[in-house]
Number of protein chains: 2
Amino acid sequence: MADPHAPHDDNSFCPVYEAINILQEKWTLHIIRSLLDGPKGFNELARAVGGCNPATLAQRVDKLVSLGILEKTVHSTMPPRTSYALTESGQALQEVVEAIDRWGKHFLKEPVA
Amino acid sequence: MADPHAPHDDNSFCPVYEAINILQEKWTLHIIRSLLDGPKGFNELARAVGGCNPATLAQRVDKLVSLGILEKTVHSTMPPRTSYALTESGQALQEVVEAIDRWGKHFLKEPVA
DNA sequence: GCAGAGTGCTATAAAATGTCAAGCGATTAG
DNA sequence: CTAATCGCTTGACATTTTATAGCACTCTGC
């Protein structure tokens, strides 16, 4: 799977290109942003993220866990209780979110519409 | 259309949430990154971006133009020659790309695979 | 004890989105 | 003359996301 597309270079691994590919997946950034102010459970996260349906959220969250960005902790299986938190790598994305935040506030203002 | 989903707040416009929604669309960040080192024509951009098909690229580029992030200049219609460049707003996204760049280089290293 | 709300998810089908391959009119390169 | 390039568009297909429902269970209030 990897990526069928070369970034600028050819057969070398480009971390930036990869990073963009991860972050551009739908909901990824929203998930990270929501988790920046503390760990959350599944439904809680869904609500904070604002409208992602459980199927997609589950899939996205799994991927982020496997990438080492999120950490899933199961506290109890049968009164279901889980929590998702950012790992060190995930925390580091705060910089990215903040950059987006600044840009949004400065250039997005009102949609005029 | 705006967004059907509330960010954290309810009926207020949240620039950050909007910004994330724009940037998370497929290819958007790649397009911006490619354009950071100068304006490009359509096919040139497609190649730099690394494999986006013309249909999607056209659509994405249109949206970015209408958002004021890109600027399209038609030099000649019939030997077709166009160029896309970042506006001030687009240039400002360099910060975001750089943040992603730093993160990718630091945390993405090799995919082990 | 029993309804009703809440937990973390999964299943199914449909809708939205992205991709592939081909091609248009025209000019330029060999 | 032939092939390639340019900026796209079209239409069929594949993948992704969505809505809606529900499971198995616990906890709270009555």
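Ala, Val, Leu, Ile, Met, Phe, Trp, Tyr, Cys and Pro count here as nonpolar, Asp, Glu, Lys and Arg as charged, and the others, Gly among them, as polar. This is a predicted model: local features need pLDDT of at least 70, side-chain atom pairs count only at pLDDT 80 or more, and totals for chains, interfaces and linings use all residues. Residues are numbered from 1 along each chain as its sequence is written, while chains are lettered from A and ligands numbered from 1 in the order in which they are written.

Start at the DNA. Strand D is surrounded by 20 residues, each with its C-beta atom, placed from the backbone, within 6 Å of the strand. The closest are A:Pro79, B:Gly41, B:Asn43, B:Pro80 and B:Thr82. By class, this surface has 11 nonpolar, 5 polar and 4 charged residues. Helix H4 (54–66) of chain A gives two or more residues to it, as do H3, helix H4 (54–66) and strand E2 (81–86) of chain B. Helices (H or I, at least four residues) and strands (E, at least two) are DSSP runs, numbered from the N terminus.

Now follow H3 within chain B. The axes of H2 (residues 28–35) and H3 (residues 42–49) of chain B come within 9 Å and cross at roughly 110 degrees. Axes are lines fitted to C-alpha atoms, for helices over the stretch in contact, and angles run from 0 to 180 degrees between N-to-C directions. H2(B) is therefore roughly perpendicular to H3(B), a term for angles of 65 to 115 degrees.

Chain A has 6 helices and 2 strands. Along the sequence they run α-α-α-α-β-β-α-α.

Definitions and conventions
Parallel < 35°, antiparallel > 145°, perpendicular 65-115°, else oblique.
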